[in-house]
Amino acid sequence: MTETLASRTARSTVVPPVLGGLGLFTVLLGAALPLIDFFIVNVALPTIGHDLAAGDAVLELVVAGYGVAYAVLLVLGGRLGDMFGRRRLFLGGMIAFGLTSLACGLAPSAWTLVAARVAQGAASAAMLPQVLATIQSATAGPRRAKAMGLYGATAGLSMVAGQILGGVLVAADIAGTGWRAVFLVNVPVVLVGLFLAAKAVPETRSQHPAPVDGPGTALLAIALVSLLAPLTEGRAAGWPLWTWVSLAVFPIAATAFYLVERRAERLGRTPLVPPSLFSNLPLRRGLVMILPFSIGFSGFMFVIAVALQQGVALSPVRAGLTLAPMAVSFFVVSLLGPRLVARWGTRVVTAGGLVQAVGVAVLALTVWSSWPHVGGLELWPGVIIAGAGQALQLPILFRVILSEVPPARAGVGSGVMITAQQSALALGVATLGTLFLTLTPGHGMRDALVTTLLVQLAGVALTTGLSLRLPRAIA
């Protein structure tokens, strides 16, 4: 009895893991790398195509292969972190990310690059879910709110900075590496990240880890691949039969995934994505919002990169630097988010949607009236306003989605959220990118870009309306 009581007392006095400032910086560095690499290749694609003699279909696979592998494996990555330890998966994922980045940078052919990008996406899926799960498990109260705000700011800034960095590195042609530098730059960053993570990131895991859900993992993979692969490759490949067969498979696979997961939960097992997770109102409504937001974000970034290089004949570095003011406005305004939310609640997201709508409208008017003289300064007012509006939405949405997810489900919750975001990022390139590239031959690049911006504006209006249904306060 005495020993039992002593052991209970010892367990009750165990100090919970705490994520300090250096640890937070390290996991945010790990969060930035996969998002930067999703966008860093946009401005490098023309150079890659010329150097490796790759056509449009293969070049789209360089982007899509990474995005699809990343999206498909994210939830599994979160589950593995819950089981084996989030710090361990974070370190393993970062090592794999560094090695696959090296493989991308040394790729001798286009298809080798595609294979290395798929592997790089899988490594990202092992690393990124551990970031949010660690924040959820090793912070609390105001520190968690601040950490989540910084995560959102890092995510948004990384997506813009990736495109800028890609242009700078391609133009710099460091030691004759050309486009290869956009991948090789990851290697020293990963080495620094590994040193810091080993020193400053605490180990956390679920107290009741569940085994891997094999059927659920397979069905989720089939559903996401059957949707994302044909949408990203269809236009460049000429919409062959396999694309339509694949799209027909998607609703079947998605329905089967839901039924299998619901049955597993009813039998007392722990499915890959527990359907009961979606009874969480903030999570459900936040996920619905983040889909159109991310589609518009990634679609814009892809389209503007193509338009500025092919339509306005800007160099990769000038095309990238055109978006630098967006990165600055996003970062500055995102730092104000926690204070604004403390006073106004989630109505800040609604205000952000209205501000972004103004920015996108200004961009559309600028392109319509000034094309092709839109080399930088002309676009800055629109991108600054749009960036500020996005900063009032994305970081806060991350907080809303995970606000009521218990620490035991932190890995699953963060995996589901990032999967939704990553799938939407891939869909944005596929849908808005396809729209723009399809309209350009018949209507000209100006009209194609304006039309795409107006479609994005409709998406912003949708997210603004949906924001009114968010819980007013964040737990």
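**Exercise 1. Which residues line the second largest pocket?**

Solution. Keep in mind that you're working on a predicted model.

- Start with the space itself: the second largest pocket comes to about 280 Å³.
- Now list the wall. You should get Asn42, Leu45, Pro46, Asp56, Leu59, Glu60, Arg235, Phe302, Val306, Gln309, Gln310 and Leu437.
- Sort that lining by class, and it falls into six nonpolar, three polar and three charged residues.
- Next, map it onto the helices. At least two residues each come from helix H3 (45-52), helix H4 (56-84) and H13.
- H13 is the top contributor here, giving four residues.

**Exercise 2. Describe the largest pocket: its volume, its centre and its walls.**

Solution.

- The volume of the largest pocket is about 730 Å³.
- There are 23 lining residues, and those closest to the centre are Leu220, Leu224, Phe257, Phe278 and Ala420.
- For the walls, look for elements that give two or more residues: helix H11 (214-237), helix H12 (241-266), helix H13 (281-311) and helix H19 (410-467).
- Then check the chemistry. The lining of the largest pocket has 19 nonpolar residues, plus two polar and two charged ones.

**Exercise 3. Move on to closed spaces. How many cavities of 30 Å³ or more are there, and what surrounds the largest cavity?**

Solution.

- Count the cavities of 30 Å³ or more and you arrive at four.
- The largest cavity takes up about 100 Å³.
- Around the largest cavity sit Glu60, Val63, Ala64, Thr232, Arg235, Phe302, Val429, Ala430, Gly433, Thr434 and Leu437.
- H4, H11 and H19 each put at least two residues into this lining, and H19 has the largest share, with five.
- By class, the lining of the largest cavity splits into six nonpolar, three polar and two charged residues.
- Finally, go back to Exercise 1 and look for names that turn up again. Glu60, Arg235, Phe302 and Leu437 line the second largest pocket, and these four residues also line the largest cavity.

**Exercise 4. Do the same job for the second largest cavity.**

Solution.

- Its volume first: the second largest cavity holds about 60 Å³.
- The lining is made up of Gly149, Ser334, Gly337, Pro338, Val341, Ala391, Pro395, Ile396 and Arg399.
- Helix H15 (324-344) and helix H18 (394-402) are the elements that supply two or more of these residues.
- H15 gives the most, with four residues.
- Sorted by class, the second largest cavity has five nonpolar residues, three polar ones and one charged one in its lining.

**Exercise 5. Which residues form the nonpolar patch on the surface, and which helix gives the most to it?**

Solution.

- The patch consists of Ile222, Leu241, Val245 and Val249, which together have about 350 Å² of accessible area.
- H12 leads with three residues.
- Zoom in on one member of the patch, Val249, which belongs to helix H12.

**Exercise 6. Buried, partly exposed or exposed: how do Val249 and Val450 count?**

Solution.

- You need the cut-offs for this one: buried is under 20% relative accessible area, exposed is over 50%, and partly exposed is in between.
- Val249 has 32% relative accessibility, so Val249 counts as partly exposed.
- Val450, a residue of helix H19, has 10% relative accessibility, so Val450 counts as buried.
- One last step: look for a partner of Val450 from elsewhere in the sequence. Trp368 is 82 residues away along the chain, yet the C-alpha atoms of Val450 and Trp368 are separated by 6.6 Å.

Conventions:
Residues numbered from 1 in each chain as written. Predicted model: local features only at pLDDT ≥ 70, side-chain atom pairs only at ≥ 80, totals over all residues. Heavy atoms only, no water. 1 Å grid on protein atoms, 1.4 Å probe; cavity = no way out; pocket = protein on both sides within 12 Å on 5 of 7 lines; lining within 4 Å. Points joined across faces, edges and corners; volume = space filled by probe spheres on them. Nonpolar A, V, L, I, M, F, W, Y, C, P; charged D, E, K, R; others polar. Patch = residues over 30% accessible without salt bridge, like charges linked within 9 Å, V, L, I, M, F, W, Y side chains within 5 Å. Areas by Shrake-Rupley, 256 points an atom, 1.4 Å probe, with all protein chains shown as cover. Salt bridge = Lys/Arg side-chain N within 4 Å of Asp/Glu carboxyl O. Buried < 20%, exposed > 50% of the residue type's maximum accessible area, 1.4 Å probe, protein only.
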